[in-house]
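I opened this notebook to record what I looked up in one structure. The entries are kept in the order in which I worked.

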Amino acid sequence: KPQLVASNDRFCRFLEEYCPVVTETYYPTVWCWEGRVQTLLRPFITSRPQVQYRNELIKTADGGQISLDWFDNNDSLYYPDTSTRPTVLLLPGLTGTSKESYILHMIHQSETLGYRCVVFNNRGIAGEDLLTPRTYCAANTEDLEAVIHHVHSLHPSAPFMAAGVSMGGMLLLNYLGKTGRDTPLMAAAIFSAGWNVFESVESLEKPLNWLLFNYYLTTCLQSSISRHRQMLEKLFDMDLVMKARTVREFDKQFTSVMFGYRTIDDYYEDASPCRKLKSVGIPVLCLNSVDDVFSPGHAIPIETAKQNANVALVLTSCGGHIGFLEGIWPRKCTYMDRVFKQFVQAMFEHGNKIFSM
């Protein structure tokens, strides 16, 4: 059974009644239960539900643009009125977009419940041009704030939640820690977030983890900015950036410089959601596996979470990073998908009961 960490008895009782999956035993796929194997295989094993998006480009205050992919769910039987149709904002991982299989599965789950989804693609990632020499990072929440304000302004009467995966979850937590209760979001779900960036990069620099994940992730980051090289060369030594062989080296030469941090340690401290967890002011459910090499179990802020009545952690012993595969042939629904579906449904349909239980 997963470990459920929450200081608020009412929140616990609410989850046990309306999101019972968090109390059920999670049985990982028997032939790939180890965390690194789950992490590596999930993108290849899981299916990719067909989703038809409507793209929207919005302008930012600094002259940039952000690509949003909407799944309007206009065939929703449960919520035919578009003005009050519940909306879920989805934040993919570090180099992820609306095309990731885990995002497609979240949209598929939301579709069956009648909800609308919108995917926040970080700048320069989803095929759109960079209009300014700026991309994104886990610590800077300005673009996310602009997107949340924009989506809420379009549908002010619609219940509004967000779900973030990996770096998307870190960004969402950092936003919630900054805004407290002053947000149009009623709740949030976080999956496989890296809680302490220092611990995450140290784990990823262990020899086997570097070979399996770190080098590949670094090349993905480099690839994501290479097509914007002409724009970025105005501010960066791109030859030096392209020589990075670890995420830490990339962040030192590129990310921390772009966002004005004096040192990479200053950036990593600001990017670590564990520092802001006490300030979260809305109900948040966070799912992590303790065998996740991207977010090692010893770095999960259990004691800090116990100090905030709005926070619940669900910790599994297996599952890896955005893995959570289950069943003999885990092509369709994962444990993570089931947690997402039950929690968003619980909040949209029974969220007002948290404070009365």
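The entries below concern one strand, the largest pocket and the largest nonpolar core.

**Entry 1: the model.** I noted at the outset that this is a predicted model.

**Entry 2: strand E3.** I began with strand E3, which spans residues 65–71. I asked how many of its residues are buried. The strand is mostly covered, with seven of its seven residues buried. I then looked at each face of E3 separately and found both covered. Gln65, Ser67, Asp69 and Phe71 lie on one side, and Ile66, Leu68 and Trp70 lie on the other. I recorded the residues on both sides as buried, taking buried to mean under 20% relative accessible area.

**Entry 3: the neighbours of E3.** I next asked which strands pair with E3. Strand E2, residues 54–59, pairs with E3 in the antiparallel sense, and I recorded six bridges. In this pairing Lys59 has Gln65 of E3 as its bridge partner. E2 and E3 form a hairpin, with five residues between them. In the turn I noted Gly63, whose phi is positive at about 95°. Strand E5, residues 116–121, also pairs with E3 in the antiparallel sense, over five bridges. Here I found Phe71 opposite Cys117 of E5.

**Entry 4: the largest pocket.** I turned to the largest pocket, which holds about 1,100 Å³ of space. It is lined by 47 residues, and those closest to its centre are Leu94, Thr95, Ser166, Leu217 and Phe294. I sorted the lining by residue class and obtained 29 nonpolar, 13 polar and five charged residues. Several helices each supply at least two residues of this lining, among them H2 (35–45), H3 (101–113), H5 (167–179) and H10 (247–258). Which helix gives the largest share of the lining? I found that H7 does, with eight residues.

**Entry 5: the place of the pocket.** I asked where the largest pocket lies with respect to domain 1 (3–195 + 273–351) and domain 2 (197–271). Both domains give residues to its lining, so I placed the pocket between them.

**Entry 6: the largest nonpolar core.** I closed with the largest nonpolar core, which has 67 residues. Leu89 and Leu172 have the most contacts inside this core. Helix H5 provides the largest share of the core, seven residues. I also checked the core against the domains: domain 1 and domain 2 each contribute at least three residues to it.

Note on methods:
Residues are numbered from 1 along each chain as its sequence is written. This is a predicted model: local features need pLDDT of at least 70, side-chain atom pairs count only at pLDDT 80 or more; totals for chains, interfaces and linings use all residues. Side-chain values use heavy atoms; hydrogens and water are left out. Buried means under 20% relative accessible area, exposed over 50%, partly exposed in between (1.4 Å probe, protein chains only). Helices (H or I, at least four residues) and strands (E, at least two) are DSSP runs, numbered from the N terminus. Two strands pair if DSSP finds at least two bridges between them. On a 1 Å grid over the protein atoms alone, a cavity is a set of points where a 1.4 Å probe fits but cannot get out, and a pocket is an open set with protein on both sides within 12 Å along at least five of seven lines; lining residues have an atom within 4 Å of a point. Grid points are joined across faces, edges and corners, and a volume is the space filled by probe spheres set on the points. Ala, Val, Leu, Ile, Met, Phe, Trp, Tyr, Cys and Pro count as nonpolar, Asp, Glu, Lys and Arg as charged, and the others, Gly among them, as polar. Domain bounds come from an automatic or database domain assignment. A nonpolar core is a set of buried Ala, Val, Leu, Ile, Met, Phe, Trp, Tyr and Cys residues joined through side-chain atoms within 4.5 Å.
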